[in-house]
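Student: I am new to this structure and would like a close look at a single part of it. Please take the sheet, and show how the rest of the chain is arranged around it.

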Amino acid sequence: MNEPDGRIELVRVCRMLYDRKLTVSAGGNVSVRMDDGTFLITPSGKNKGILTEKDIVRIDRDGISLDGGNPSIERFFHLALYDSNPSVNAVVHCHPLYCTVLAVRGEKVDCDLTPEGVILLGEVPMIGYHTPGSAELVEAIRKEHTHMAMTMARHGALTQGKDLTEAYNRMEELEFQASLQILTEGADRLSEAEIRKITGDTP
Ligand SMILES: [Zn+2]
């Protein structure tokens, strides 16, 4: 990904998150890895529905702004995921309603109600509550870096992917699974045997 394309893509994904009500006002942050080892990330405190390409901030691997912009305070957990996962090139964090309802209740999202949940998301851990922007939050997320989707207690949701489209799709699916879990409360899960068939795992 080069910088001009990265800025265009980030604005597009933020607009989709906002239009799909996967986040409200300035909530959440989205980033993408550049070919030169730097990163583009959304700015601090700006509404995701009206971002423009010049609002996006370029940072180095230490989180330092390279273009004078004010990057999200959550940039350090994005950088921890890139550092831990060489094949991950995009990270999406936001506050979708149903994911956040479950996260406030202290319940994880169980993605085994439908085959898509199993295929796209797999096991989705919920990390404990830590203050936004804190080193404790960064370390809690780093510990779960192998999971492509996770929720954060009393806070929101986080997905990763090889590109922005994959990370975005996981977020959309995660919120759908959270809404299913709430709306179908108590419904049976797919059986272990069916999950093994779907994932190709042999017992
Ligand atoms: Zn947040």
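Tutor: What follows goes from the whole chain to the sheet, then to the helices and the core, and ends with two loop residues.

The model is predicted. Its chain holds seven helices and seven strands, and along the sequence these follow the pattern α-β-β-β-α-β-α-α-β-α-β-β-α-α. The C-alpha atoms fill a box of roughly 50 × 35 × 30 Å along the principal axes. A compact globule of 203 residues would have a radius of gyration near 17 Å, and the chain agrees with this because its own value is 17 Å. Of the 203 residues, 42% are buried. Among the contacts with a separation of 6 or more, 65% are between residues 24 or more positions apart.

Now the sheet. The seven strands form an open sheet with mixed pairing, in the order S3-S2-S1-S4-S7-S6-S5. The edges are taken by S3 and S5 (126-127); each has a single partner strand, so one side of each lacks a neighbour in the sheet. At the S5 edge, two bridges connect S5 with S6 (residues 149-152), and this pair runs parallel. One pair to look for there is Met126 with its bridge partner Thr151 in S6.

Strand S4 (90-94) sits between S1 and S7 in the strand order. To S1 it is joined by four bridges, and the two strands run antiparallel; Asn29 has His93 of S4 as its bridge partner. To S7 it is joined by five bridges, again in an antiparallel pair, and here Val91 stands opposite Gln160 of S7. S4 is also mostly covered, with five of its five residues buried. In a regular strand, side chains alternate between the two faces of the sheet. In S4, Ala90, Val92 and Cys94 point one way, while Val91 and His93 point the other way, and all of them are buried.

Next come the helices around the sheet. Helix H1 (residues 3-19) packs on the sheet and touches S1, S2, S3 and S4. The direction of H1 makes about 150 degrees with that of S1. Leu10 touches Val30, Val32, Leu40, Thr42 and Ile56, leaving out residues up to four places away in sequence.

Helix H2 (residues 75-84) is largely enclosed by the rest of the structure, because eight of its 10 residues are buried. Those buried residues are Arg75, Phe76, Phe77, His78, Leu79, Ala80, Leu81 and Tyr82. Their cover includes several strands of the sheet, namely S1 (29-33), S2 (39-41), S3 (57-59), S4 (90-94) and S7 (156-161). Helix H5 (135-143) is also part of that cover.

Leu174 belongs to helix H6 (residues 164-183). This residue counts as buried because it has 28 C-beta neighbours inside 10 Å, and the cut-off for buried is 20 or more. Apart from its neighbours within four places in sequence, Leu174 is in contact with Cys99, Val109, Leu121, Val124, Ala149, Ala157 and Thr159. By contrast, Val57 is 117 residues from Leu174 in sequence and 27 Å from it in space, C-alpha to C-alpha.

Several of these residues meet again in the core. In soluble globular proteins, nonpolar side chains tend to be buried together. Here the largest nonpolar core has 53 residues. The residues with the most contacts inside this core are Leu10, Cys14, Val92, Cys99, Ile141, Met171 and Leu174. Val92 is one of the buried residues of S4, and Leu174 comes from H6.

Two loop residues remain. Most residues other than glycine have a negative phi. Ser25, which is not a glycine, has a positive phi of about 45 degrees. Ser25 lies in the loop between H1 and S1, and it counts as exposed because it has 12 C-beta neighbours inside 10 Å. Arg154 is another non-glycine residue with a positive phi, near 55 degrees. Its place is the loop between S6 and S7. With 13 C-beta neighbours inside 10 Å, Arg154 counts as partly exposed.

Note on methods:
Residues are numbered from 1 along each chain as its sequence is written. This is a predicted model: local features need pLDDT of at least 70, side-chain atom pairs count only at pLDDT 80 or more; totals for chains, interfaces and linings use all residues. Two residues are in contact if their C-beta atoms, placed from the backbone, lie within 7 Å. Two strands pair if DSSP finds at least two bridges between them. Axes are lines fitted to C-alpha atoms, for helices over the stretch in contact, and angles run from 0 to 180 degrees between N-to-C directions. A nonpolar core is a set of buried Ala, Val, Leu, Ile, Met, Phe, Trp, Tyr and Cys residues joined through C-beta atoms within 7 Å. The radius of gyration is taken over C-alpha atoms; the globule rule is 2.2 Å times the number of residues to the power 0.38.
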